[in-house]
Amino acid sequence: MTGADWSDIARFGETVCETLRSVAVQRRALPAFTRLTSSDSGGIYVFDHRYRATMASIVGAPSVLLYEFEELGRRDCTYMQRSMASRFPVHDAMLHPTSRAHRNAPQGRLLQKYGLEHCMLIPLIRNGRTVGAVSIARETGRPPFSIAEQRVADRLARFVSIALINAALHEAIAGVDDDAVAVSGDGDRDGDGDSVETVRMRDEAGVARYAARRRKATALRGTLSAREIEVFELMATGLTNAEMAGELNIAVNTVKQHVKQIFRKLGARSRLEAVHHGYGPPVH
């Protein structure tokens, strides 16, 4: 079995099912889920009775990606439609005949913006009800998900579903106020050393802050020239100055000058800060 054997899956189940807090389940499960499926990024969404995301965690990418995927999903998410119909994980190679078609699809374009490419959406189903979903992705250039990895993801998701239901029941019996459960976007680290961010998707104040930051980011990007935008988007994927020069067929010194102007216009002191300012920082 690719990526994980039965003992790995069993240990994963024991670990997540002994947790009796919804946030803790997500924070504990997500890094192990991405590791066992050989993914570079992953997110867990928890749904309410109307199938709306109420809480989500992410690892390997900024939390702003959660909001963008959820917004895209509300309009048209072929992954969710297919997975809901089949009750089984769905990845890009199943939906698109070629990698080019995937990259040109809405989800593919969004992934590319964050240096990601192949993705899989796994429904979390318990007692016939969808309680959430897990999404995993791989960085650009890596191979697509295999059938074996799809099966591993399905088995891991079954444990996550059980753990989330158990945690919700425990919190209800214990009278835990949902608003009192600790949720943060400060990149807390779990036991494996992976930085996990958790946000409330229906927190009006948080959504308002996100929208304001996105508007500011859009306005800042509007100050860049056409060439600076090309350099900025390549920079956001992690390319070096030399690699960007090769992509754009220009001199390295020219790239350096563009990067300098991008920093000035975005008010940034580093590449990471420039990407946060240009795309919108994570919600805290």
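**Helix H1, its neighbours and the loop after H10**

In helix H1, the buried residues are Ile9, Phe12, Gly13 and Val16. Looking down the axis of H1, these buried residues sit within an arc of 100°, so they line one face of the helix. There is a simple reason for such a pattern: an α-helix has 3.6 residues a turn, so residues three or four places apart point the same way. The model is a predicted one, and in it H1 covers residues 6-17. The length of H1 works out too: at 1.5 Å a residue, its 12 residues should span 16 Å, and the C-alpha atoms at its ends are indeed 16 Å apart.

What sits over that buried face? The cover for the buried residues of H1 includes helix H2 (22-36) and helix H8 (147-174). As for H2, its axis lies 10 Å from that of H1, and the two helices pack at an angle of about 170°. Since angles over 145 degrees count as roughly antiparallel, that makes H1 roughly antiparallel to H2. On the H1 side, the contact is made by Asp8, Phe12, Thr15 and Val16. H2 brings Val25, Arg28, Ala29, Ala32, Phe33 and Leu36 to the contact. Phe12 and Val16 thus turn up twice, as buried residues of H1 and as part of its contact with H2.

Stepping back to the whole chain, the secondary structure comes to 13 helices and 7 strands. The chain has 284 residues, and 46% of them count as buried. Its accessible surface comes to about 13,800 Å², with 52% of that belonging to carbon and sulfur atoms. Among contacts with a separation of 6 or more, 66% are between residues 24 or more positions apart.

Further along the chain comes helix H10, residues 226-236. Its buried residues are Glu228, Val231, Phe232, Leu234, Met235 and Ala236. After H10 comes Gly238, with a positive phi near 95°. Leu239 is found in the loop between H10 and helix H11 (241-248).

Which residues does Leu239 touch, leaving aside its neighbours within four places in sequence? Leu239 is in contact with Leu234, Met244, Glu247 and Arg271. One of these, Leu234, is among the buried residues of H10. Leu239 also makes a nice example of how sequence and space can part ways: Gly115 is 124 residues away from Leu239 in sequence, yet the two are 9.9 Å apart, C-alpha to C-alpha.

Definitions and conventions. Residues are numbered from 1 along each chain as its sequence is written. This is a predicted model: local features need pLDDT of at least 70, side-chain atom pairs count only at pLDDT 80 or more; totals for chains, interfaces and linings use all residues. Side-chain values use heavy atoms; hydrogens and water are left out. Helices (H or I, at least four residues) and strands (E, at least two) are DSSP runs, numbered from the N terminus. Buried means under 20% relative accessible area, exposed over 50%, partly exposed in between (1.4 Å probe, protein chains only). Contact means heavy atoms within 4.5 Å. Accessible areas come from the Shrake-Rupley method with a 1.4 Å probe; for residues, only the protein chains shown count as cover. The expected span of a helix is 1.5 Å times one less than its number of residues. The arc is that of the directions from the helix axis to the C-beta atoms. Axes are lines fitted to C-alpha atoms, for helices over the stretch in contact, and angles run from 0 to 180 degrees between N-to-C directions. Angles under 35 degrees count as roughly parallel, over 145 as roughly antiparallel, 65 to 115 as roughly perpendicular and the rest as oblique.
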